[in-house]
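Here is a short report on one protein. Look over the sequence and the structure first, then read on.

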Amino acid sequence: MRTRILIVEDEETLTTLLRYNLEAEGFAVDVAGRGDEAELRLAEQTPDLILLDWMLPGLSGIELCRRVRARRETERLPIIMLTARGEEGDRVRGLGTGADDYMVKPFSVPELLARVRALLRRSKPAHVADLLAAGDIELDRVSHRIRRSGHEIHLGPTEFKLLEFLMQSPGRVFSREQLLDGVWGHDVYIDERTVDVHVGRLRKALNRPRQPDPIRTVRGSGYAFDETFSGEG
Ligand code: CA
């Protein structure tokens with residue numbers, strides 16, 4: 001599913017410019033021209049990020065931001081405030097209300113796009129990167145393909161999810177229990193040794209002779225995707 005961005009802005013020329021550029025980046029874009037309209041929209045569907053103008057008809061950006069933060073479903077929703085005001089006091093007030101970032105008009109679109117990407121990476125790392133890459137290994141989450149040194153690797157669905165889960169947090173050591181929760185789900189009761197079986201299968205599919213093993217066994221703890229993995233033998 002594409003990442004959804006809600007633009008709440010009453011200046012149509014700016015809305016058109018932002019929509020055009022965000023869609024060109026592959027985002028799905030919704031637009032609301034009024035604060036109250038945006039609030040109704042948010043009650044129906046939660047986007048992945050909001051670009052929120054400060055001065056809006058219906059309901060101000062600041063008030064909308066406050067309400068978004070007060071709702072459990074949206075309390076952590078990334079918000080970038082857009083405003084014509086640039087005084088330090090307003091900046092602090094904007095961030096104090098719970099906005100994650102703040103841009104003063106007129107701003108450069110490439111800079112805004114960079115901040116959107118950075119904020120999405122922080123809030124939803126899994127959402128932004130369709131392709132996870134480390135060393136000579138590439139994992140494409142859209143096509144579900146894995147390549148190592150350009151050669152396609154065939155994995156079962158569980159091994160794919162396991163590798164994807166590990167590659168999302170390079171260097172982090174996961175216990176067998178955490179891997180069960182992350183890959184198999186919280187409500188599934190499986191013996192922890194099942195994890196070892198699937199890690200074994202994953203290694204067998206992934207590693208050819210003389211190729212380094214990107215999965216590190218941490219004795220007594222669990223497994224990690226090696227952050228220093230370079231793929232060079
Ligand atoms: Ca405005």
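How many Å apart are the mean positions of the positive and negative charges of the protein? The mean positions of its 35 positive and 39 negative charges are 5 Å apart. Lys and Arg count as positive, Asp and Glu as negative, while His and the chain ends are not counted. Each charge is placed at NZ of Lys, CZ of Arg, CG of Asp or CD of Glu.

This is a predicted model, in which local features need pLDDT of at least 70, side-chain atom pairs count only at pLDDT 80 or more, and totals for chains, interfaces and linings use all residues. Residues are numbered from 1 along each chain as its sequence is written, and side-chain values use heavy atoms, with hydrogens and water left out.

**The whole protein**

The C-alpha trace spans about 65 × 35 × 30 Å along its principal axes. The protein has 9 helices and 12 strands. These are DSSP runs, numbered from the N terminus: helices are H or I with at least four residues, strands are E with at least two. The domain assignment gives domain 1 (4–127) and domain 2 (131–225). Such bounds come from an automatic or database assignment. Taken over C-alpha atoms, the centres of domain 1 and domain 2 are 36 Å apart.

Of the 233 residues, 41% count as buried. Buried means under 20% relative accessible area, exposed means over 50%, and partly exposed lies in between (1.4 Å probe, protein chains only). A contact means heavy atoms within 4.5 Å. Among contacts with a separation of 6 or more, 55% come from residues 24 or more positions apart.

**The calcium site**

Which residues coordinate the calcium ion? They are D10 (OD), D53 (OD) and M55 (O), at 2.1 to 2.4 Å. Along the chain, the donors follow the spacing D-x42-D-x1-M. D10 lies in the loop between β1 (4–8) and α1 (12–24), and M55 in the loop between β3 (49–53) and α3 (61–70), so the pair ties together parts that are 45 residues apart in sequence. Donors are N, O and S atoms within 2.8 Å of the metal, or 3.2 Å for Na, K and Ca; water is not among the atoms, so sites may look incomplete. D10 is partly exposed, because its relative accessibility is 38%.

**Two residues of helix α7**

Helix α7 covers residues 157–168 and holds E164. L162 is also found in helix α7. Is L162 buried or exposed? L162 is buried, because its relative accessible area is 0%. Leaving out residues up to four places away in sequence, L162 touches L179, V183, H198, V199 and L202. E164 counts as buried too, at 16% relative accessibility. With that same exclusion, E164 touches L132, L139 and R141.

**Backbone details**

Most residues other than glycine have a negative phi, and most peptide bonds are trans. Here are two residues with a positive phi, neither of them glycine.

| Residue | Phi | Loop | Relative accessibility |
|---|---|---|---|
| H144 | near 60 degrees | between β7 (137–140) and β8 (145–148) | 52%, exposed |
| S149 | about 50 degrees | between β8 and β9 (151–153) | 43%, partly exposed |

What kind of peptide bond joins K105 and P106? The bond is cis, with omega about -5 degrees. P106 is found in the loop between β5 (101–104) and α5 (109–123).
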